[in-house]
Amino acid sequence: AFAAFLLACGFAAFFSMRFRRSLHLMISSVENLATPGIRGGRISPRTLPGDEFAPLASAVNSMAERMEVQVNHILAQKAQLDAVLNSIAEGVLVIDHDGRVRSVNASLIHLFPRTAHAEGLLPADVIPSEELQKNIDAVKNEMPDKPLKFDMDTDSGRKLRVHVCPIVGEVKMLMAVAVFHDITD
């Protein structure tokens, strides 16, 4: 009886370790799905010691393939949007729902060089204009139907007309766009 008990404990330990190894492999593969830059998440059924996790491995692999397609699609859309923004002659400043800089185009960087590394900052941190920050705050809080307009002068002597417009979701502002037209002439 004691030998049978030891044999049963040995089998239980063996299958428990085998199950644990498969489970750790599944967990690390799923964690790799969420890690940017790692083309992981795929599980080879040959690496699993048994057939218990084969359906789950298949589902994880299928999900990884769909996620990769979606990420590639989003990256292509972002590249297209960046190309369009950078081809516009006017300066464009995109502000997120918290009022922080989300992106800028090349024309705005030409007008205000400090905006080149402005992502995550407040517009007032990189564009010296109280009027700009006041209008962004007004758009954020009031969500007007029409763009807010004002004129401003740059340190280099240029005169700009700025239009600040909210991009509104169902109930709140998702982001805002400020467009800087050079009206110096």
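The radius of gyration of this protein is 28 Å, whereas a compact globule of 185 residues would come out near 16 Å. That radius is taken over C-alpha atoms, and the globule rule is 2.2 Å times the number of residues to the power 0.38. The C-alpha atoms fill a box of roughly 100 × 30 × 30 Å along the principal axes.

Before we go on, a word on the ground rules. This is a predicted model, where local features need pLDDT of at least 70 and side-chain atom pairs count only at pLDDT 80 or more, while totals for chains, interfaces and linings use all residues. Residues are numbered from 1 along each chain as its sequence is written, and side-chain values use heavy atoms, with hydrogens and water left out.

So what is in there? The protein has 5 helices and 5 strands, and from the N terminus they run α-α-β-β-α-α-α-β-β-β. Helices here are DSSP runs of H or I with at least four residues, strands are runs of E with at least two, and both are numbered from the N terminus. Of the 185 residues, 29% count as buried; buried means under 20% relative accessible area, exposed means over 50%, and partly exposed is in between, using a 1.4 Å probe and protein chains only. As for contacts (heavy atoms within 4.5 Å), take those between residues at least 6 apart in sequence: 39% of them join residues at least 24 apart.

Let's start with helix H1, residues 2-33. Its 32 residues should span 46 Å at 1.5 Å a residue, and the end C-alpha atoms are 47 Å apart, which agrees. The expected span, by the way, is 1.5 Å times one less than the number of residues. Which residues of H1 are buried? They are Ser 22, Met 26, Ser 29 and Leu 33, and the buried residues of H1 pack against helix H2, residues 54-87.

Now compare your picture of H1 with helix H5, residues 130-142. H5 has 13 residues and reaches 18 Å from first to last C-alpha, close to the 18 Å expected. Leu 132, Gln 133, Asn 135, Ile 136, Ala 138 and Val 139 are buried in H5. The buried residues of H5 pack against strands S1 (91-96), S3 (148-153), S4 (159-168) and S5 (173-182), and also against helix H4 (123-126). Right after H5 comes Met 143, with a positive phi near 45 degrees.

On to the hairpins. Strand S1 runs antiparallel to strand S2, residues 101-104, and 3 bridges join them; two strands pair if DSSP finds at least two bridges between them. Ile 95 stands opposite Val 101 in S2. The hairpin has 4 residues between the strands, and Gly 99 takes a positive phi near 85 degrees there.

Do look at Arg 100, which sits in the loop between S1 and S2. It counts as partly exposed because its relative accessibility is 34%. Setting aside residues up to four places away in sequence, Arg 100 touches Val 94, Ile 95, Gly 120, Leu 121 and Leu 122. A polar atom of the Arg 100 side chain lies 3.2 Å from the backbone oxygen of Gly 120. Arg 100 and Gln 133 are 33 residues apart along the chain, with their C-alpha atoms separated by 10 Å.

The other hairpin joins S3 to S4, antiparallel, through 6 bridges. Met 152 has Leu 160 in S4 as its bridge partner. Between these strands there are 5 residues, and Gly 157 has a positive phi near 90 degrees. Thr 154 also lies in the loop between S3 and S4, and it counts as buried because its relative accessibility is 9%. Beyond its neighbours within four places in sequence, Thr 154 is in contact with Phe 112 and Leu 160.

Finally, the nonpolar cores: sets of buried Ala, Val, Leu, Ile, Met, Phe, Trp, Tyr and Cys residues joined through side-chain atoms within 4.5 Å. The largest has 22 residues, and Leu 93, Ile 127, Leu 132, Val 162 and Phe 180 have the most contacts inside it. At least two residues of this core come from each of S1, S2, helix H3 (106-111), H5, S3, S4 and S5. S5 gives the most, with 4 residues. Another core lies apart from this one; it has 7 residues, among them Leu 33, Ala 57, Val 60 and Ala 64.

Notes: Polar contact = N/O pair within 3.5 Å; in protein donor to acceptor, adjacent residues only side chain to side chain.
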